[in-house]
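Hi,

Here is the structure I promised to pass on. Have a look at it first, and then read my notes below.

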Amino acid sequence: MKKISYGDPLRLGPVTMKNRIIKSPQSTYFWAEDQSVSEQVLAHYQALAAGGTGLIVIAALQLFPCAHGRREGGLYDDRFIPGMKRLTDAIHAHGCVVTAQLIHDGASDLERPRCSTAFTADELPCPTEFCSPCTGVSLAEIEEMKKAFVDGAIRAQKAGFDGVEVHTANAYFLVSFLSRIWNRRTDQYGPQSMENRTRLQREIIREIRRACGEDFVIGVRMNGQEFGHERAMTIEEGVEAARLFDREDINYISVTGYGYGAVPMQYVADYWAYPEADADMRAYVGNFASGLLIPAAAAIKKAVEHPVFAGGRLDAERGEELLAHDVLDGILFGRPHWADAELAKKILSGRYDSIVRCTRCATCEDPQDGVPRRCRVNPAFGREAVLTVTKTASPKRVLVVGGGPAGMEVARVASLRGHAVTLCESQGCLGGKLPLAIMVKGCRFDEVQSLLSRLEEQVRQQVSDIRLGTTVTEDFVNRERPDVVVLATGGQYRLPDIPGIDLPQVQGVRSLAGRASLPLKLFGPARLHTLSKYVMPGMGRRVVIIGGQIEALQGAVFLGRRGRLVTLVESGERLGDRMPPRYLRRTLAWMQRTGVVVHTSTKVQQIVRDSVQCIKNGVAFSISCDQVLVFMPPEVNGDLLSSLSVPVYRIGAAAGVGHSLMVHAIYDARALGCTL
Ligand SMILES: Cc1cc2nc3c(=O)[nH]c(=O)nc-3n(C[C@H](O)[C@H](O)[C@H](O)COP(=O)(O)O)c2cc1C
């Protein structure tokens, strides 16, 4: 049998996908406030279609109005049709098939929660920030819901979509019938049989087919497996449900899943095992790279006739393998498409090395509702219309000071645009604080190493004048005579003015970075992360960390996981500023569980040989320790190159603490690089 590869077309009923690469549905919050198509949505999907993908599934189109400002796309009114038509035309112009994912968020719809069965707050299987108590739906409400799905499909067809995808996945409305976790009904839609559990979805499919005819694709997005609950769907149940869908007049099955528990994994593959995996996920985390949902999808594929797609943390190489071994008919890439809109073109032309890889950092997954999502490695995600790299009409001499992520990105982009770029870095290597970040966090779940390697490689290819070990002074600038100077020097990690701060057991980020630089060079950051579990020369056992924001919390996790007894002292009331919400939630829970002691609103008054003396609410106390680490946020060095006569731009942490995360630094760099 011929091995299937990415470039092989695939027939989906009335249409043919030109290849096996699919944009997995993902909500973006790029839609207009009134839920219609915005220019941002148009530019985003146009870029993906131009990037060569075979099928785009437009995610989470709502069948009922959302609360004002929740920027999800709508299909509950005819007024959406003209905008949607512009969108489907723009996608079709690139020969790409497009389906509309029809959804009701079920108990996660915080304004209009709906569920097969009534749930009180105490009974809900997810925390209340993810779902709301709800009353079960009556038979009349089931009819109303069915009609909403069919009306949505009719509008999608009028708007030029090739088809729809019925969403009976994750923890949304239709899953509350499919999954026994939710379904406790006693009627013909109840959990007594899989026929019952899939009855509503199958009725919806039939009515859509009746209303939209044969020339319309109907896909089913379903949970193939669930995790973290005693009644979670097993693979066997997934197969049974898929068989029933397969007997209907559908055109594809798209397999996903869901994880329950205190910190739900909304889409399973976005499960974030930082600082460590939860007990009920330990058995699975080893399978992430090969695809957590692949066993379920593979079993479904064997049991059904229609094409089966799946994804979840797959990369180009793994997807290729799954196609070649006939495990799947098409590969869903979600975040990898956000990281690189040209993913498909690069895959199809074999340019795997040039793919901008998703680093699984969770930045995209944690916005507040309605705030457009962002991608750490791709600043142009959602800003496709403005952040395109075009040739400049007026080439300049650009001096970039600092070879961290911001410096590398701006140098790379400015060079691509045709500027003459000199990149100076005071250290002997590029990367700035990234190697240190990799050493502290490891790269199993936040793959910063791939970001560092790519930036370094591209900078070396594109920037001819890179000067390592070069400290830029005003004299240097006057000699070089650039037209523009870009300060990407990072922030300054100062030590606070506290008696005892000069004692030998006190270290700050600068001195630790200095101490780590040789081992980092010798072993590389990922190996050093592992080696430091066995030996950390000179690091005391009882450690006080001064600081309470992202750098302090990451430091506490790093040391706590290496057997240190950590106490955190933060002068403010809040912990974890600049940490993405899920990252913070998990870290705080871990710290509490493992006994990291935290003192907020506490001032350090003095450090002495064997303790730190503090005061909180007027009460003095002392913390015994043999090591003090200052992990406070970086500050701006305002004096740096402050009296130059050429324009000076600051980016990344050099522009302020609000710019210090990688996502901000790389965004600043791209935005500046595109406008220089
Ligand atoms: C931010 C985000 C939003 C998502 N939104 C949806 C959605 O609206 N509908 C859906 O079926 N899946 C959604 N997903 C799941 C993705 O389609 C996909 O299954 C998941 O991201 C794993 O694949 P990946 O590792 O290739 O990103 C979302 C995932 C993420 C990370």
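Let me start with a small detail: Gly-442 comes right after helix H13 and has a positive phi, near 75°. Keep in mind that this is a predicted model.

The helix before that glycine is worth a look too. H13 covers residues 434–441 and is mostly covered, with eight of its eight residues buried. Leu-434, Pro-435, Leu-436 and Ala-437 are among them, and so is Lys-441 at the other end of the list.

Next, the sheet. Five strands make up an open sheet with parallel pairing, and their order is S15-S22-S16-S17-S18. At the edges sit S15 (506–508) and S18 (597–599), each of which pairs on one side only. From one strand to the next, the twist averages 20°. If you want to zoom in on one pair, try S16 (residues 542–546) and S22 (residues 627–630), which run parallel and share four bridges. Within that pair, Ile-545 is opposite Leu-629 of S22. Helix H18 (residues 550–560) packs on this sheet and touches S16, S17 (565–569) and S22. The direction of H18 makes about 170° with that of S17.

Now the ligand. Which residues come nearest to it? Of the 23 residues around the ligand, those are Ser-24, Pro-25, Arg-221, Arg-313 and Arg-335. I also noted some polar contacts to ligand oxygen atoms:

- His-167 uses an N or O atom of its side chain, 3.1 Å from a ligand oxygen.
- Gly-312 has a backbone N or O atom 3.5 Å from a ligand oxygen.
- Gly-334 has a polar backbone atom 2.8 Å from a ligand oxygen.

Last, the cysteines, since you may well wonder about disulfides. How many turn up in a search of the whole structure? The count is zero. Two cysteines show why. For Cys-96, the closest cysteine sulfur is in Cys-375, and at 19 Å that is too far for a bond. Cys-126 has its closest cysteine sulfur in Cys-131, at 3.7 Å, but this pair is also too far apart for a bond, because a disulfide needs the two sulfur atoms within 2.5 Å. Are these two cysteines buried or exposed? Cys-96 is buried, at 2% relative accessible area, and Cys-126 counts as buried as well, at 7%.

Cheers

Technical notes: Residues numbered from 1 in each chain as written. Predicted model: local features only at pLDDT ≥ 70, side-chain atom pairs only at ≥ 80, totals over all residues. Heavy atoms only, no water. Pairing = 2+ DSSP bridges. Helix = DSSP H or I, 4+ residues; strand = E, 2+ residues; numbered from the N terminus. Axes fitted to C-alpha atoms, helices over the stretch in contact; angles between N-to-C directions. Contact = heavy atoms within 4.5 Å. Buried < 20%, exposed > 50% of the residue type's maximum accessible area, 1.4 Å probe, protein only. Near = heavy atom within 4 Å. Polar contact = N/O pair within 3.5 Å; in protein donor to acceptor, adjacent residues only side chain to side chain.
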